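Please read the following report with the sequence and the three-dimensional view side by side. It moves from single residues to helices, strands and whole chains, and each term is explained where it is first needed.

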Amino acid sequence: MSDSPSSTETLVLLLTQHQEPLFRYIFSLVPCEADARDILQETSLALYRKFAEYDPARPFLPWAYRFAFFQVQKHREKSSRSPLLFSEDVMDLLASERSHIEPQLDDRLRLLDACLQKLTAQDQELVTSRYALRQSAEEMMAHFSLSRRTLFRNLELLRQRLHECVTRQLQTEGLA
Amino acid sequence: MNLESLIHAAIDGEIPPEQHAQLEDLLRSDWQARRLYLELVDQHARLLQQPAVNTGRLQATTPKRKTRQWWPSLTAAAAAIACALIFWPQRPAETEATSNGVAMLSQTMDAQFSGTLRSGDTLKPGPLHLTQGLAQIEFFSGATALIEGSAEIEILSAWEARCLSGRVRVHVPPAAKGFLMHAPGMKLEDLGTEFALNVKDNTSAVHVFEGEVIAHTDQSPTSLKQGMGLGHSTSDFLSITELHGLVKERDTRRFADWQQWSLTASKDSRLIAYYTFKHLEDDRWDRLVKNVTEPRHPQRAGGAVGAAWTQGRWPEKTALEFKRPGDRVRLNLDGTYHALTLACWVKVDSVDKKYNSLLLTDGYDNGEPHWQIYEDGSLMFSIMYRPADAAKSARYNQMYFSQPVFTADSLGRWHHLAVTYDNTSGTVIQYFDGQEVGREISKLHQPGRDIVFGPCEMGNWGLPTQGHQFPIRNLNGAIDEFAIYSTALSASEIRSFYDHGKPE
């Protein structure tokens, strides 16, 4: 472990730059925000401990993904009784498939912002409560006077609309 | 519950265990399910990360976030990292250049696409409609597909494509094992092999030439080995030798046509010098860059320093490659001129210096032109006129920039560059592949000032005054034709230079 401030600074910089993709990677394997954030923290610590082994000539993310995958496995073993975690073989499949389509995922996110602008005012309010204000289901049910079932149905439809909008944009963009 | 609803329920944490098991089964057995899942969770993760930016109408509301008390056990440095992660502002912009290409168009033959594509282009996922000709696509996974127009292909990723119609031949090296080709009624999983696929009227026929393909149809998966086929057997599968033969033929023809044109062009009396970079086998020193103008001006021949001979636009054509900081071609061009045209065929591998030389005079005295590629990929032409009484530090060079033309997509292949200038109107016009990319008159222009070259060089800027360090401006690339005229050529003449010399 290196104590030199410059290597720590380098890592902080790299982590800051890459925390969004790292979070997205972890979240694809453990789609629960609190757990994914915990795993992200564990991953940053693991990266800190092993940072001396990092070869700056190589891209940072693939290297970091390996640590993240390992931390996800550790998390899985720790909470092995949870039925809401994917089994190992499914995680393997997801991780490998994700590495193949990562450029397309990045492409989709680029178009997501424009699609969000196109949402109706109602849908935008839903996005705000769910994602910006992090309101609980109960708060949202009270605020929008919706049943639990309808609320989650609306959220599903909202995300589905965004997904379709992005797919459409990609198609019109073609190979430009 | 359908797949979408299962995924959304999982994202919202509203999924009962038995439905989670159902989702897991779907993800295990179906790659399309995995793909939809990955897209939807990625979208959700993004919304969780950057809601304020995304909705575009929110104040910076700090989300309530439950952070657990875990840092007392850590070292200060580790805590600093963790804090950085939690509290530092999100930076959406990546500093590293990225590309979302998954394949490249490596070779084309009389190919017409709906939309403009050239060989060497990077391809992103999406549809590709080849209306005629042949095209070879190299997927970044290592798989190669040869396609004959008319064909409709959809590129899904580096590992996956779909053929909607047309004739395709696919080669999959061991590294790309698992490459998937979708066709109406089947999905072909390639286990390292070569196979051909014909799709017509929404029915598919496949033939395996080598290795093994697993064909997934609505029945159980079938293994197809060498010589086996599926669908109505036809003998008109696409042959790979076809493309290579045709490309070779085309290269020979283009080269011969260019030689013919070049011979006529060399007799243009407006030429100051014309270099075709022919490697002369009988030149014992191997350093001569002959000036081929007629009538002859042997004193304007160039001398190569460092730069090595390499292949030019066609296999039979030679070029000089500039790589190391010392590489250059020395010239000495006598005379005083009222106008000029500089035109060359260049393959730029990288724009890695602040200034990347095309043609520069030694030093930078009155009337001397400098032609370079600026660090942002634009073409930069400048000419120096300093009044006798001007302070040394004042800037008197007339500078002209084109729009940026060297981007990731235009590097590594042959392009035609040209600039014209006349000292009456003062207009500088810059061209890239025969198209105007810049037109400007400098505020400092005064009509009638002479243009001179004297000692100068291609691909570098040199012969600095003794004892001084010289800035490194060497070109990273190759040049295989360079013409210098004493007049400003018209747009149609530049266009003709490009049309007769373009590689394909």
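Glu39(B) has its place in helix α3 of chain B, where helices (H or I, at least four residues) and strands (E, at least two) are DSSP runs, numbered from the N terminus. Why is Glu39(B) classed as partly exposed? Glu39(B) is partly exposed because 19 other C-beta atoms lie within 10 Å; a residue is called buried if 20 or more other C-beta atoms lie within 10 Å of its own, exposed if 12 or fewer, and partly exposed in between, with the C-beta atoms placed from the backbone. Leaving aside residues up to four places away in sequence, Glu39(B) touches Leu105(A), Arg108(A) and His163(A), a contact being a pair of residues whose C-beta atoms, placed from the backbone, lie within 7 Å.

This is a predicted model, in which local features need pLDDT of at least 70 and side-chain atom pairs count only at pLDDT 80 or more, while totals for chains, interfaces and linings use all residues. Residues are numbered from 1 along each chain as its sequence is written, and chains are lettered from A and ligands numbered from 1 in the order in which they are written.

Helix α3(B) also takes part in a helix pair. Two packed helices are described by the angle between their axes and the distance between the axes. For α1(B) and α3(B) the angle is about 35 degrees and the axes are 10 Å apart; the axes are lines fitted to C-alpha atoms, for helices over the stretch in contact, and angles run from 0 to 180 degrees between N-to-C directions. On the side of α1(B), the residues Leu3(B), Ile7(B) and Ile11(B) meet Ala33(B), Leu36(B), Tyr37(B), Leu40(B), Val41(B) and His44(B) of α3(B). The residues of this contact comprise 8 nonpolar, 1 polar and no charged, where Ala, Val, Leu, Ile, Met, Phe, Trp, Tyr, Cys and Pro count as nonpolar, Asp, Glu, Lys and Arg as charged, and the others, Gly among them, as polar.

Helix α1 of chain B spans residues 3-11, and its buried residues are Leu6(B), Ile7(B), His8(B), Ala10(B) and Ile11(B). The cover over these buried residues includes α7 (148-173) of chain A, together with α2 (17-29) and α3 (31-49) of chain B. After α1(B) comes Gly13(B), with a positive phi near 65 degrees.

Some backbone angles in chain B deserve a careful look. Most residues other than glycine have a negative phi, and most peptide bonds are trans. The table collects four places in chain B to compare with that general rule.

| Place | Backbone angle | Location |
|---|---|---|
| Asp110(B) | phi near 50 degrees | strand β1 (residues 103-113) of chain B |
| Asn202(B) | phi near 65 degrees | loop between β8 (193-200) and β9 (203-210) of chain B |
| Gly149(B) to Ser150(B), cis | omega near 5 degrees | Ser150(B) in strand β4 (residues 144-157) of chain B |
| Glu294(B) and Pro295(B), cis | omega about -5 degrees | Pro295(B) in the loop between β14 and β15 of chain B |

Asp110(B) is exposed, because it has 12 other C-beta atoms within 10 Å, and Asn202(B) is exposed with 10 such atoms within 10 Å.

Strands β14 and β15 belong to an open sheet of 8 strands in chain B, whose order is β14-β15-β18-β27-β20-β21-β22-β23, with antiparallel pairing. Its edge strands, each pairing on one side only, are β14 (288-289) and β23 (397-404) of chain B; two strands pair if DSSP finds at least two bridges between them. β14(B) runs antiparallel to strand β15 (residues 302-305) of chain B and is joined to it by 2 bridges, and Leu288(B) has Gly303(B) in β15(B) as its bridge partner.

Chain A, in turn, has 7 helices and 0 strands. Of its 176 residues, 34% are buried. Leu45(A), in helix α2 (residues 33-49) of chain A, is partly exposed, with 19 other C-beta atoms within 10 Å. Leu45(A) and Phe67(A) are 22 residues apart in sequence, and their C-alpha atoms are 9.9 Å apart in space.

The average pLDDT of chain A is 86, and 95% of the residues score at least 70; pLDDT is the predictor's confidence in each residue, from 0 to 100. Over residues 1-5 of chain A the pLDDT is below 50, and this stretch has 5 contacts in the model beyond near neighbours in sequence.

Notes
Contact = placed C-beta atoms within 7 Å.
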